Amino acid sequence: MAEQDVIITEVALRDGSHAIGHQFTVDQVVQLSKALDDANVPYIEVAHGDGLAGSSLQYGLSKTDEMALIEAAASVCNNAKIAVLLLPGIGTVQELKQAANIGAEMARVATHVTEADVSSQHIAMAKDLGMETVGFLMMAHMAPVKKLVEQAKLMESYGADTVYVVDSAGALLPHEVKARIRALRENLQINIGFHGHNNLSLAMANTLAAIEEGATRIDGSVRCLGAGAGNTQTEVLVSVLDRLGIKTGIDLYKMMDLSEDIAAQILQKPQEITKDSLVLGYAGVYSSFLLHAQKAAKQFGVDSRDILIELGKRRVVGGQEDMIVDVAAEIVKKNTAVM
Ligand SMILES: C[C@H](O)CC(=O)C(=O)O
Ligand SMILES: [Mn+2]
């Protein structure tokens with residue numbers, strides 16, 4: 001019998017970076033990684049929220065060099081493997097090599113859902129470095145199923161071991177997740193994964209829908225420590241899967257304890273679905289835009305929801321963070337013109 005039916009990657013130390021303005025310290029990363037390792041979590045992702053080399057004025061400056069965080073996490077894990085995220089164009093193969101040298105064993109190469117072709121070099125390099133390799137198709141709600149399959153097949157052809165459907169905006173509904181995972185299962189030979197965000201309170205339902213259709217790689221963030229309203233909450237997911245008789249190999253009590261004792265202390269305020277995170281899901285906007293939009297709203301004196309709705313209409317994608325300020329300024333101009 002397999003020890004795990006579903007393999008969980010804990011993303012709080014990467015996706016959660018968005019929620020705390022990229023302020024992780026070595027001490028926080030060491031404490032959380034150690035506890036996750038002790039709870040038998042198989043993969044722990046560590047990096048800037050926007051992946052390797054994401055620390056910048058555009059995406060947000062990290063308090064601590066991410067390589068120091070990755071090295072610290074790797075040094076305290078006995079069984080868990082450290083994963084890193086890389087968005088080609090933000091990170092390069094240089095950072096990937098550096099991360100592999102200090103202990104990262106899994107590379108997750110992320111592209112917009114229609115741009116998989118930019119991942120070929122990075123997937124090939126990750127394989128050459130001996131890393132387990134994941135293709136991560138972000139903003140999956142923005143492409144029809146046929147397009148998603150075509151793009152996933154590209155990642156498979158470059159050598160990815162797994163392809164993820166990434167609901168970056170938390171905008172997908174369960175039947176849409178099902179259709180996407182089913183199509184990938186029917187057309188690909190590699191593992192299929194799912195990464196959800198809870199902006200519409202659907203992260204758990206979507207994750208279960210994905211598992212029902214055959215996804216075996218699932219992301220979670222403990223205490224919902226992720227962008228927007230956070231991801232599928234890991235300790236809740238472990239409980240639900242246990243009730244369903246689906247094995248994760250993770251110790252539930254230890255997971256609950258570390259959520260309460262460590263993750264909750266890292267969050268500047270408890271994760272909940274606020275009006276802004278709800279609008280992310282409703283309008284189909286990248287979850288990592290949340291704090292940027294709130295900052296621009298304050299700066300320009302406009303409603304953050306208006307900014308997010310407009311970004312959704314314009315189908316803005318990751319990498320276009322500068323548009324947030326443009327949109328805020330345009331709203332001010334429009335409001336002044338009608339006065
Ligand atoms: C760079 C993004 O934050 C990656 C991710 O977690 C998502 O698209 O969701
Ligand atoms: Mn995410």
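**Helix pairs and an annotated site**

Helices α6 and α7 cross in a right-handed sense (the near helix is turned clockwise from the far one by less than a right angle; anticlockwise would be left-handed). This is a predicted model, where local features need pLDDT of at least 70, side-chain atom pairs count only at pLDDT 80 or more, and totals for chains, interfaces and linings use all residues. Residues are numbered from 1 along each chain as its sequence is written. Helices (H or I, at least four residues) and strands (E, at least two) are DSSP runs, numbered from the N terminus.

**Helices α6 and α7**

- Two packed helices are described by the angle between their axes and the distance between the axes.
- Helix α6 spans residues 145–158, and helix α7 spans residues 174–187.
- Their axes (lines fitted to C-alpha atoms over the stretch in contact) lie 10 Å apart, at an angle of about 45°.
- That angle makes α6 oblique to α7 (under 35 degrees is roughly parallel, over 145 roughly antiparallel, 65 to 115 roughly perpendicular, the rest oblique).
- On the α6 side, the contact (C-beta atoms, placed from the backbone, within 7 Å) uses Val145, Leu148, Val149, Ala152 and Lys153.
- On the α7 side, it uses Ala179, Arg180, Ala183, Leu184 and Asn187.
- By class, this contact of α6 with α7 has 7 nonpolar residues (Ala, Val, Leu, Ile, Met, Phe, Trp, Tyr, Cys and Pro), 2 charged (Asp, Glu, Lys and Arg) and 1 polar (the others, Gly among them).

**Helices α11 and α13**

- Helix α11 (residues 275–283) and helix α13 (residues 304–313) have axes that come within 9 Å and cross at roughly 15°.
- α11 and α13 are therefore roughly parallel to each other.
- Their crossing is right-handed.
- Lys275, Asp276, Val279, Leu280 and Ala283 of α11 meet Ser304, Arg305, Leu308, Ile309 and Gly312 of α13.
- This contact of α11 with α13 divides into 5 nonpolar, 2 polar and 3 charged residues.

**The annotated site**

- An unreviewed UniProt entry gives the annotation "binding site" to Asp15, His195 and His197; such annotations may be inferred rather than shown by experiment.
- These residues spread over 183 residues of sequence, yet they cluster in space, with a largest C-alpha distance of 10.6 Å.
- Asp15 sits in the loop between β1 (7–10) and α1 (16–19).
- Asp15 counts as buried because it has 28 C-beta neighbours inside 10 Å (20 or more is buried, 12 or fewer exposed, in between partly exposed).
- Beyond four places in sequence, Asp15 contacts Gly49, Ser221, Gly226, Ala227 and Asn231.
- His195 lies in strand β7 (residues 191–195).
- His195 is also buried, because it has 32 C-beta neighbours inside 10 Å.
- Beyond four places in sequence, His195 contacts Tyr164, Val166, Asp167, Asp219 and Asn231.

Key
Chains are lettered from A and ligands numbered from 1 in the order in which they are written. Axes are lines fitted to C-alpha atoms, for helices over the stretch in contact, and angles run from 0 to 180 degrees between N-to-C directions. Two residues are in contact if their C-beta atoms, placed from the backbone, lie within 7 Å.
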